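Student: I would like to understand how the words used for a protein model are decided. Could you take me through them one at a time?

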Amino acid sequence: CDKPKVAAEYHRIQNDVSYRLWHAHRILPYVEHIMYALSPVHFVDQLQCNVVLIHGCNDQVNHWKEAVHLKTHLENHPQIKSHLCLTPLINHGDPTPFQWTHLFAIPDIILAITHFLNAA
């Protein structure tokens, strides 16, 4: 195993969005049916707990609309309390450079965590 080569490939996949998307488009046709079957929206009716979703609004891997889609499915089950927080503070592995405007997102994260703790 060529560890430096593996490390370089991992770094490229993690940091090069176009390279990661190239891989995704190449692989997805083979696994799309599996991803569909594993989608949490198909299991919402089996949940017996409340759900808090915290999702990065700039996520390059899982678009924020996926979290909104799941939240919509959760709202169809009134016995499940749910809360959605879309935030610029996190994403799916890519480094997020801090910006001063991110300070305004901190209360939203705290509120989401409060919802989670209150439901526990």
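Tutor: Let us begin with the salt bridge, which is a side-chain nitrogen of Lys or Arg within 4 Å of a carboxyl oxygen of Asp or Glu. Please keep in mind that this is a predicted model, in which local features need pLDDT of at least 70 and side-chain atom pairs count only at pLDDT 80 or more, while totals for chains, interfaces and linings use all residues. Residues are numbered from 1 along each chain as its sequence is written, and side-chain values use heavy atoms, with hydrogens and water left out.

Student: What makes the pair Glu75 and Lys71 a salt bridge?

Tutor: The closest N and O atoms of Glu75 and Lys71 are 3.5 Å apart, and the limit is 4 Å, so the pair meets the definition. Both residues lie in helix H3 (residues 64–75), four residues apart, which is about one turn of the helix; helices (H or I, at least four residues) and strands (E, at least two) are DSSP runs, numbered from the N terminus. In general, side chains of opposite charge can pair when their charged atoms come close.

Student: How many salt bridges does a search of the whole structure find?

Tutor: The search finds two. Besides the pair in H3, Arg12 forms a salt bridge with Asp16, and here the closest N and O atoms are 3.5 Å apart.

Student: Why is Lys71 called buried, and what is Arg12 called?

Tutor: Buried means under 20% relative accessible area, exposed means over 50%, and partly exposed lies in between (1.4 Å probe, protein chains only). Lys71 has 14%, and therefore counts as buried, whereas Arg12, with 40%, is partly exposed. Its partner Asp16, at 25%, also counts as partly exposed.

Student: Which words fit His33 and His83, exposed or buried?

Tutor: His33, which lies in helix H2, has a relative accessible area of 54% and is therefore exposed. His83, found in strand E2 (residues 82–87), counts as buried because its relative accessibility is 15%. If contact means heavy atoms within 4.5 Å, then His83 touches Val51, Val52, Leu53, Lys71, Leu111, Ala112 and His115, not counting residues up to four places away in sequence.

Student: Why are helices H1 and H2 called roughly perpendicular?

Tutor: Helix H1 (residues 3–15) and helix H2 (residues 17–38) pack at an angle of about 95°, with their axes 5 Å apart. Axes are lines fitted to C-alpha atoms, for helices over the stretch in contact, and angles run from 0 to 180 degrees between N-to-C directions. Angles under 35 degrees count as roughly parallel, over 145 as roughly antiparallel, 65 to 115 as roughly perpendicular and the rest as oblique, and H1 and H2 are therefore roughly perpendicular to each other.

Student: Which residues meet where H1 packs against H2?

Tutor: Glu9, Arg12, Ile13, Gln14 and Asn15 from H1 meet Val17, Tyr19, Arg20 and His23 from H2.

Student: How do you know that Cys85 is not in a disulfide?

Tutor: A disulfide is a pair of cysteine sulfur atoms within 2.5 Å. The closest cysteine sulfur to that of Cys85 is in Cys57, at 9.0 Å, and is therefore too far for a bond. By this rule the count comes to zero disulfides. As for accessibility, Cys85 counts as buried at 3%, while Cys1, at 89%, is exposed.
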